[in-house]
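Work through the exercises below with the model open. Each task is followed by its solution.

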Amino acid sequence: MTIDWSYSNARLYESCPRSLFYHYWQRTGANDDSEAADEQILYGQPGVGAVIGTAIHTALGEHISRWSRGEQTGLEIVRQVARDYIHEVFNNNSTVVSDATPESLVHTSDAHIGRFFRVIWPQFRDHRYILHEENCSFEVGSTKVWVRPDLCARDSGNFVITDWKSRQPAIFEDPSLQLRVYALWGHQQFEPDIDRISVQLVFTSDGRIERQSVEKEDLAQLNDRIAGDVLKWGDPNDRTNFPTDESFEKCSNCPYLHSCNAGQTTVTEGK
Ligand code: SF4
């Protein structure tokens, strides 16, 4: 018995191995084996930033869906999706965003989406749609690996994989690893010529596009890394494979704090 590999699982383990243990069993208990569908369960994201990020992702996802079906879409439709999401969060759970107003979050998401249509989307609208926000799995040796790319498209024959970012990556994130996993998946499933695969981060905060080149050696290293990670994680029944790595900042933001004695002690003692 092993844990499927995903970028978010690898991040959890690197941040605190025990959090991957809790995460795995929580998802297994929920009978949901889609390891890539957990992007919300990440450290450092609760609160205003997470609400804005999810609002923007939800709105851009709706835009891409409409575009892929040839339906009407555009700035105001997409902004409204984000506004509706933000108001729903405030109506359902005001404690998440205690010191913010819906208007301030709407102001920010409006600005991101306006920038998306002004600066970013003109560079995508002639692409040929392939898929977006689908949980996709592939095999590395005997390990199942999950990805959930924000958008895959063809541009002049190149296979382009894009991840929308509404903020700068946090210190414990490794967007370069995330993009290499996308490239490995694209290479296995869609495009045998690695030189025709393009992976990129697109920042709605300033309209920047960061492209990353991926070489065959990178993918070989990634294969080794995935196999090594799954070996290191071992049997998810064995808690000792997943030691705690507590700190006040991590534990106080950890979604599994309620299950974790070591984390609770750390938060209580304010270490
Ligand atoms: S509460 Fe702290 S020690 Fe426990 S799983 Fe979370 S980050 Fe790790």
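**Exercise 1.** State which strands helix α6 lies across, and at what angle the helix runs to β3.

Solution. Helix α6 (residues 175-189) lies across β3 and β4. The helix runs at about 85° to β3. Helices (H or I, at least four residues) and strands (E, at least two) are DSSP runs, numbered from the N terminus. Contact requires C-beta atoms, placed from the backbone, within 7 Å. Axes are lines fitted to C-alpha atoms, for helices over the stretch in contact, with angles from 0 to 180 degrees between N-to-C directions. Helix α7 (residues 216-233) lies across β1, β3 and β4, at about 115° to β4.

The model is predicted: local features need pLDDT of at least 70, side-chain atom pairs count only at pLDDT 80 or more, and totals for chains, interfaces and linings use all residues. Residues are numbered from 1 along each chain as its sequence is written.

**Exercise 2.** Give the strand order of the open sheet, and explain why β1 and β3 each have one side without a neighbour.

Solution. The order of the three strands is β1-β4-β3, with mixed pairing (two strands pair if DSSP finds at least two bridges between them). β1 (5-6) and β3 (136-140) stand at the edges with a single partner strand each, so one side of each has no neighbour in the sheet. β1 pairs with β4 (residues 143-147) in the parallel sense over two bridges. The bridge partner of S6 in β4 is W146.

**Exercise 3.** Identify the helix that supplies the largest share of the shell around the ligand.

Solution. The largest share, three residues, comes from α2. α2 (17-29), α8 (248-252) and α9 (261-269) each supply at least two shell residues.

Note on methods. Contact = placed C-beta atoms within 7 Å.
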